[in-house]
Amino acid sequence: MHADSVARAEVGHQTVTWDRPTADCPVEVALAAISGRWATLVLRDLMDGPRSFSALRAGLPSLSAKVLTERLDSLVAQGVVSCSRSPGFPVRTSYALTSKGLLLRPLLVELYRTGEALLSELADH
């Protein structure tokens, strides 16, 4: 492999070399946690506290119940969202961010700020 074919990035005082992403790469781990269509919006809605399935559905009216269920199942499997069901009829299901999920707040805030800046730049041109 040629040295010029390897991407390099300055991170603090270190130079990091990427040949291809690895499962233990912190950036890949963070991106995997928010990947999937609608995942960032579901996480955003849960940042304010636990929500029922119907409250999440009402907050994201363009999202089908099927896709919301798939996204929630994926986020639960990743350990960033917890699901609790209350006994009784009808069963009430509540979703909340786990401590791992709360770690995503700064990432989502920064992505929002970056998006705003990019939109502003596009509007200026």
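In the predicted model, buried residues account for 22% of the 125 residues in the chain. The accessible surface of the chain amounts to about 8,900 Å², and carbon and sulfur atoms contribute 59% of that area. Six helices and five strands form the secondary structure, and their order along the sequence is β-β-α-α-β-α-α-β-β-α-α. When contacts between residues at least 6 apart in sequence are considered, 41% of them join residues at least 24 apart.

The interior was examined next. The largest nonpolar core comprises 18 residues, and those with the most contacts inside it are Val 42, Leu 43, Leu 46, Val 80, Val 81 and Leu 104. Two or more residues of this core come from each of α2, α4 (65-78) and β5 (92-97). In soluble globular proteins, nonpolar side chains tend to be buried together. The surroundings of Val 81 illustrate how the core is connected. With residues up to four places away in sequence left out, Val 81 touches Leu 43, Leu 46, Leu 75, Val 76, Tyr 95, Ala 96, Leu 97 and Thr 98. Of these partners, Leu 43 and Leu 46 are also listed among the core residues with the most contacts.

Strand β5 also contains Thr 93. Thr 93 has a relative accessible area of 19% and is therefore classed as buried, the limit for this class being under 20%. Beyond residues up to four places away in sequence, the contacts of Thr 93 are with Arg 51, Ser 52, Phe 53, Cys 83, Ser 84 and Arg 85. Ser 86, by comparison, is located in strand β4. Its relative accessible area of 31% makes Ser 86 partly exposed. Outside the range of four places in sequence, Ser 86 touches Val 91 and Arg 92. The loop between β4 (81-86) and β5 holds Pro 90, and the peptide bond that joins Phe 89 and Pro 90 is cis, with omega at about -5°.

A further set of features concerns two loop residues. Leu 63 is situated in the loop between α3 (53-59) and α4. Leu 63 counts as buried, because its relative accessibility is 2%. Apart from neighbours within four places in sequence, Leu 63 is in contact with Trp 38, Val 42, Arg 57 and Leu 68. One of these partners, Val 42, belongs to the group with the most contacts inside the largest nonpolar core. The pair formed by Leu 63 and Trp 38 is separated by 25 residues in sequence, and the C-alpha to C-alpha distance between them is 7.8 Å. Trp 38 itself lies in the loop between α1 and α2. Its phi angle is near 80°, a positive value in a residue other than glycine.

Open spaces were then located. Rolling a probe the size of a water molecule over the atoms shows where empty space is left. The largest pocket encloses about 250 Å³ of space. Two or more of its lining residues are supplied by each of α2 (39-46) and α6 (105-124). Helix α6 gives the most to this lining, with six residues. The complete lining consists of Thr 40, Leu 41, Arg 44, Met 47, Asp 48, Arg 105, Leu 108, Val 109, Leu 111, Tyr 112 and Arg 113. By residue type, the lining of the largest pocket contains six nonpolar, one polar and four charged residues.

The second largest pocket has a volume of about 170 Å³. Its lining is made up of Val 29, Ala 30, Ala 32, Ala 33, Gln 78, Val 80, Lys 100, Leu 103 and Leu 104. Helix α1 (residues 26-33) gives the most to the lining of the second largest pocket, with four residues. Seven nonpolar residues, one polar residue and one charged residue form this lining. Val 80 and Leu 104 line the second largest pocket and are also among the residues with the most contacts inside the largest nonpolar core.

Terms used:
Residues are numbered from 1 along each chain as its sequence is written. This is a predicted model: local features need pLDDT of at least 70, side-chain atom pairs count only at pLDDT 80 or more; totals for chains, interfaces and linings use all residues. Side-chain values use heavy atoms; hydrogens and water are left out. On a 1 Å grid over the protein atoms alone, a cavity is a set of points where a 1.4 Å probe fits but cannot get out, and a pocket is an open set with protein on both sides within 12 Å along at least five of seven lines; lining residues have an atom within 4 Å of a point. Grid points are joined across faces, edges and corners, and a volume is the space filled by probe spheres set on the points. Ala, Val, Leu, Ile, Met, Phe, Trp, Tyr, Cys and Pro count as nonpolar, Asp, Glu, Lys and Arg as charged, and the others, Gly among them, as polar. Buried means under 20% relative accessible area, exposed over 50%, partly exposed in between (1.4 Å probe, protein chains only). Contact means heavy atoms within 4.5 Å. Accessible areas come from the Shrake-Rupley method with a 1.4 Å probe; for residues, only the protein chains shown count as cover. A nonpolar core is a set of buried Ala, Val, Leu, Ile, Met, Phe, Trp, Tyr and Cys residues joined through side-chain atoms within 4.5 Å.
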